[in-house]
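Got the viewer open? Here is a short walk through the model, one selection at a time.

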Amino acid sequence: KKSVWLGDFTKKMAKTAKTNVEHLLAASAAGVPPDLHTSRWLGDIGPDIRKRLAKAGLFELSEEESQEPVLLGDFLDQYVAHRRDIKPSTRTQYQQVINSLLAFFGRDRRLDSVTPVDAERWRIQSQTQGNRRDADLDGLADNTIRRQTGRARQFFRHAQKLKLIDENPFDG
């Protein structure tokens, strides 16, 4: 027998889970898809529990769910490595933006966890830190920040096209 730890459930939630797990077992043994009620329950439970139930062999995760999350550092490295059509000077500019993004977010940040608020905070940090000669701000010049934000938008737009993220946090 296999057991699946569901976490902190109320007694009523645990009974519902038990009933639905039994339905999943029966459907799995019969080689048929689960009934509509059980399928809806599967859709409503959290992704962690869904993964635990799938690991126990009760059903199979969709291709999208079974993929490991893409990390920001890995994605940006692959993006630049595959861009053979750019000049060395453009590659240098890409690398400057990548270095800034990785310094702010970290290499191990999930790509899909970057929000528009995070993007705005990155932009603000770029404005207030750097080599600017202006006495009020120590950050990058406004045009440099606009270009770097545009490049970041370009990176994340590519991630959107690959269906790695739903929305581009650098849009707008």
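Start by selecting Lys-163, which is exposed, with a relative accessible area of 72%. Keep in mind that this is a predicted model. You'll find Lys-163 in the segment after α8. While you're there, check the backbone: phi of Lys-163 is near 65 degrees, a positive value in a residue other than glycine. Most residues other than glycine have a negative phi.

Next, jump to helix α2, residues 36–44. Which residues of α2 are buried? Color Thr-38, Trp-41 and Leu-42 to see them. Now look down the axis of α2: its buried residues fall within an arc of 100 degrees, so they line one face of the helix. Residues three or four places apart in an α-helix point the same way, because there are 3.6 residues a turn. Flip to the face of α2 turned away from the buried side and you'll meet the exposed residues Leu-36, His-37, Arg-40, Gly-43 and Asp-44. To see what covers the buried residues of α2, switch on α1 (11–30) and α3 (47–55), which are among the covering elements.

Now move along to the loop between α5 and α6 and pick Arg-83. Show side chains here: those of Arg-83 and Asp-85 are joined by a polar contact of 2.8 Å. Leaving aside residues up to four places away in sequence, Arg-83 touches Arg-91, Tyr-94 and Gln-154.

Tyr-94 is a handy lead into the next stop, as one of the buried residues of α6. Select the whole helix, residues 88–105. If you like a quick ruler check, its 18 residues should span 26 Å at 1.5 Å a residue, and the end C-alpha atoms are 25 Å apart, which agrees. Along with Tyr-94, color Thr-90, Val-97, Ile-98, Leu-101, Leu-102 and Phe-105, which are buried in α6 too. These buried residues cover an arc of only 135 degrees around the axis, which puts them on the same side of α6. Spin to the other side of α6 for the exposed Pro-88 and Ala-103.

What do the buried residues of α6 pack against? Bring up α5 (72–82), α7 (116–128) and α8 (142–161) to see these partners.

For the last stop, step just past α6 to Gly-106. Its phi is positive, near 95 degrees. Set it beside your starting point, Lys-163, where a positive phi sits in a residue other than glycine.

Definitions and conventions: Residues are numbered from 1 along each chain as its sequence is written. This is a predicted model: local features need pLDDT of at least 70, side-chain atom pairs count only at pLDDT 80 or more; totals for chains, interfaces and linings use all residues. Side-chain values use heavy atoms; hydrogens and water are left out. Helices (H or I, at least four residues) and strands (E, at least two) are DSSP runs, numbered from the N terminus. The expected span of a helix is 1.5 Å times one less than its number of residues. Buried means under 20% relative accessible area, exposed over 50%, partly exposed in between (1.4 Å probe, protein chains only). The arc is that of the directions from the helix axis to the C-beta atoms. Contact means heavy atoms within 4.5 Å. A polar contact is a pair of N or O atoms within 3.5 Å; within protein, one must be able to donate a hydrogen and the other to accept it, and residues adjacent in sequence count only if both atoms are side-chain atoms.
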